[in-house]
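Let's take a walk through this one together, starting with the helices and ending up in a pocket. Keep the viewer open as you read.

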Amino acid sequence: MKEQFQFIYASVSKALNDLNAKKITTEHAKAVASLAKQANNVIATQLDAAKFMANVKDAEEQLTKTGLIDDTN
């Protein structure tokens with residue numbers, strides 16, 4: 001997880017530096033920001049799912065009922 005956050009941070013930092021140095025366009029920087037936001041949302045969802053799995057006694061059963069995980073039986 002740490003590596004994912006570091007990758008997002010490094011990508012956004014590079015885009016900001018490149019934008020300031022006029023190496024990329026504003027549109028390119030916006031695209032990088034949009035992708036970073038999407039990546040951050042995925043990580044947040046993964047964290048929420050991990051919290052749910054850790055805190056709910058019958059989490060696997062509940063996730064199977066909703067179709068979020070496959071029923072392996």
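Before anything else, a word on what counts as a helix here: helices are DSSP runs of at least four residues, H or I, numbered from the N terminus. Also bear in mind that you're looking at a predicted model.

With that settled, go to helix H3, which covers residues 59–66. Lys65 and Glu61 both sit in this helix, four residues apart, or about one turn. An α-helix has 3.6 residues a turn, so residues three or four places apart point the same way. In this case the side chains of Lys65 and Glu61 meet in a salt bridge, at 3.4 Å from N to O. How open to the outside are the two partners, Lys65 and Glu61? Lys65 counts as exposed at 58% relative accessibility, while Glu61, at 43%, counts as partly exposed.

How many salt bridges does the structure hold? There are two, and the other one takes us to helix H1, residues 2–20. There the side chains of Asp18 and Lys14 meet, with 2.6 Å from N to O. The spacing is again four residues, about one turn of H1. The surroundings of this pair are worth a look: Asp18 is buried, with a relative accessible area of 13%, whereas Lys14 is exposed, with 53%. The cut-offs are under 20% for buried and over 50% for exposed, so Lys14 at 53% makes it into the exposed class.

Stay with H1 for a moment and look at the helix as a whole. H1 has 19 residues and reaches 27 Å from its first C-alpha to its last, close to the 27 Å expected at 1.5 Å a residue. Which residues of H1 are buried? They are Ile8, Ala15 and Asp18. These three cover an arc of only 105° around the axis, which puts them on the same side of H1. Turn the helix around and, on the face away from that buried side, you'll find the exposed residues Lys2, Glu3, Tyr9, Asn17 and Asn20.

Carry on along the chain and you reach the loop between H1 and H2, where Lys22 lies. Check the backbone here: phi of Lys22 is near 60°, a positive value in a residue other than glycine. Lys22 counts as exposed, at 74% relative accessibility. For a sense of distance in this part of the model, the C-alpha atoms of Lys14 and Ile24 are separated by 10 Å, with the two residues ten apart along the chain.

Lys14 and Ile24 turn up again in the last stop, the lining of the largest pocket. About 170 Å³ of space lies in this pocket. Asp18 is in the lining as well, so both partners of the H1 salt bridge are found there. Other lining residues include Phe7, Ile8, Ser11 and Ala15, along with His28, Val32 and Leu35. Which helix gives the largest share of the lining? H1 does, with six residues, and H1 and helix H2 (26–55) each supply at least two. By character, the lining divides into eight nonpolar, two polar and two charged residues. Asp and Lys count as charged, and in the lining you can find them as Asp18 and Lys14.

Key. Residues are numbered from 1 along each chain as its sequence is written. This is a predicted model: local features need pLDDT of at least 70, side-chain atom pairs count only at pLDDT 80 or more; totals for chains, interfaces and linings use all residues. Side-chain values use heavy atoms; hydrogens and water are left out. A salt bridge is a side-chain nitrogen of Lys or Arg within 4 Å of a carboxyl oxygen of Asp or Glu. Buried means under 20% relative accessible area, exposed over 50%, partly exposed in between (1.4 Å probe, protein chains only). On a 1 Å grid over the protein atoms alone, a cavity is a set of points where a 1.4 Å probe fits but cannot get out, and a pocket is an open set with protein on both sides within 12 Å along at least five of seven lines; lining residues have an atom within 4 Å of a point. Grid points are joined across faces, edges and corners, and a volume is the space filled by probe spheres set on the points. The expected span of a helix is 1.5 Å times one less than its number of residues. The arc is that of the directions from the helix axis to the C-beta atoms.
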